[in-house]
Amino acid sequence: MKYSKATDYALHTMLFLTAATPQKPIGVQQLAERQSVSPTYLSKILTKLVKAGMIESITGVNGGYRLKRNWENISFLDIIHAIEGSASLFDCSFEHGPGCPIQKVVLLAEEKMEEQLRNQKMSDLVREYNIVI
């Protein structure tokens, strides 16, 4: 599976926010520097994560971004869908109906991959690898 750079940045940003103190907002500049990406570009990604309800934006001098409630349940798939949408990765381009055996195989593979990504929570990753920020 290949996903966009935006999704890669979103996954790493969410890992960083999960490992950081949940109550303390982290500025976009600090998040961008950690990944060597433009703060403007990262802001667009963060906006999608805010709209998906995973993080919140705090305004003011000590503002930034922080995880919202129930952050322990955020999965890889949640983050990928927030950035990429939920359209299928696989689509048979031939016009021979839904009974296509090729389509059935790739859709089954996609279901298994999504199950793995749905079950992998960011909070579990932080605990498993003892990530501390």
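Helices and strands are taken here as DSSP runs, with a helix needing at least four residues and a strand at least two, and they are numbered from the N terminus. On that basis the predicted model contains 6 helices and 2 strands, which follow one another along the sequence in the pattern α-α-α-β-β-α-α-α.

Some overall values set the scene. The C-alpha atoms of the protein fill a box of roughly 60 × 30 × 25 Å along the principal axes, and of its 133 residues 35% count as buried. Where contacts link residues at least 6 apart in sequence, 64% of them join residues at least 24 apart. The protein exposes about 8,500 Å², of which carbon and sulfur atoms supply 52%. As for charge, the protein carries 15 positive and 14 negative charges, and the mean positions of these two sets are 7 Å apart.

Helix 2, which spans residues 28–35, can be followed in detail, beginning with its buried residues, Leu 31, Ala 32 and Gln 35. These cover an arc of only 95 degrees around the axis, and therefore they sit on the same side of helix 2. The spacing fits a general property of the fold element: an α-helix has 3.6 residues a turn, so residues three or four places apart point the same way. The buried residues of helix 2 pack against helix 1 (5–19), helix 3 (39–51) and strand 2 (64–67), whereas the face turned away from this buried side carries the exposed residues Glu 33 and Arg 34. Just after helix 2, the backbone at Ser 36 takes a positive phi of about 55 degrees.

Helix 1 and helix 3, both of which pack against the buried residues of helix 2, also supply the two members of an aromatic pair. The count of such pairs comes to 1. It is formed by Tyr 9 and Tyr 41, whose ring centres are 5.8 Å apart and whose planes stand at 85 degrees; because planes over 60 degrees apart count as edge-to-face, the pair is classed as edge-to-face. Tyr 9 lies in helix 1 and Tyr 41 in helix 3, so the pair ties together parts that are 32 residues apart in sequence. The two rings belong to residues whose accessibility can be stated separately: Tyr 9 is buried, with a relative accessible area of 15%, while Tyr 41, at 34% relative accessibility, counts as partly exposed.

Methods
Residues numbered from 1 in each chain as written. Predicted model: local features only at pLDDT ≥ 70, side-chain atom pairs only at ≥ 80, totals over all residues. Heavy atoms only, no water. Buried < 20%, exposed > 50% of the residue type's maximum accessible area, 1.4 Å probe, protein only. Arc of directions from axis to C-beta. Contact = heavy atoms within 4.5 Å. Areas by Shrake-Rupley, 256 points an atom, 1.4 Å probe, with all protein chains shown as cover. Lys, Arg positive; Asp, Glu negative; His and termini not counted. Charge placed at Lys NZ, Arg CZ, Asp CG, Glu CD. Phe/Tyr/Trp six-rings, centres within 6.5 Å; stacked < 30°, edge-to-face > 60°.
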